[in-house]
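Visitor: I would like to go through the sheet in this entry step by step, and I would ask for some reasoning with each reply.

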Amino acid sequence: MTAKKQFRSVWLLLAGFCALAVLVLISCWLSIARLPDNLGRVLTGEEKAAVLRRNSPLIEYAKLTTNADFPRTDTIRKITIHHMAGNLSLEKTGEIFSDADRKSSANYAIDSQGRVAIYVEEANRAWTSGSKENDSQAVTIEVANDEIGGDWHVSDQAYQTLIALCTDICRRNGIASLDYTGDAQGSLTTHKMFATTECPGPYLEGQMEKIAQTVNRSLSSSK
């Protein structure tokens, strides 16, 4: 190969790399441009009111994270319950989910006082269960523990709010009833069905059938 042909080959290779880099940068820019402008900061009163209208009216705290897919690509037909493995405040949980390096989030969280927070709007997919397929269909909920270790118990206030939040999610999204089958096929699922984890802990796992039954009674009584 002559020096001229070698130079042309190197030039074409460099041009190809440059073109690819430009495409990647454009893709990243477009991705960022599509993100809502209310992420990662304290919402104004008007913005929070709009979030409540689009999601659960039970929300008391809102801090929306970029750790999500916008929008979700499937219809909401499930709820997935997790525990925090700690007695965290809604604010601290929001800080954790705001860390882009952690690549984790949930749609909602409930603290031990029974307060509800939103971090990813229902229209978007949270990164919670280690399963894109599940999280694309599920609204995910993190619940604080008032017992660290052991059965990972949750407070009565958190439990009652969990029932109310599940009922509200089902009612607004047209889920006629929650079906807990003990595996990933049900409409009420847990984190450990999709990842090697003990989440949501023995206490909540033992309450799954009762949660489904209680929510279904509430849904039936409101028809």
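Guide: Before we begin, a residue is called buried when its relative accessible area is under 20%. The model is a predicted one.

Visitor: In what order do the strands of the open sheet lie?
Guide: The sheet is open, and its pairing is mixed. Its edges are formed by strand 1 (59–62) and strand 8 (188–190), each of which pairs on one side only, while the twist from one strand to the next averages 30°. Read across the 6 strands, the order is 1-5-4-7-3-8.

Visitor: Which residue of strand 7 stands opposite Thr-80?
Guide: Strand 3, residues 78–83, runs parallel to strand 7, residues 138–143, and 6 bridges join the two. Within strand 7, the residue that stands opposite Thr-80 is Thr-140.

Visitor: And which residue of strand 8 is the bridge partner of Ile-81?
Guide: Strand 3 is also joined to strand 8, again in parallel, by 3 bridges. The partner of Ile-81 in strand 8 is Thr-190.

Visitor: How many residues of strand 3 are buried?
Guide: In a regular strand the side chains alternate between the two faces of the sheet. Here Lys-78, Thr-80 and His-82 point one way from strand 3, whereas Ile-79, Ile-81 and His-83 point the other way, and all are buried. Strand 3 is therefore described as mostly covered, given the cut-off of under 20%, and the count of its buried residues is 6 of 6.

Terms used: Residues numbered from 1 in each chain as written. Predicted model: local features only at pLDDT ≥ 70, side-chain atom pairs only at ≥ 80, totals over all residues. Heavy atoms only, no water. Pairing = 2+ DSSP bridges. Helix = DSSP H or I, 4+ residues; strand = E, 2+ residues; numbered from the N terminus. Axes fitted to C-alpha atoms, helices over the stretch in contact; angles between N-to-C directions. Buried < 20%, exposed > 50% of the residue type's maximum accessible area, 1.4 Å probe, protein only.
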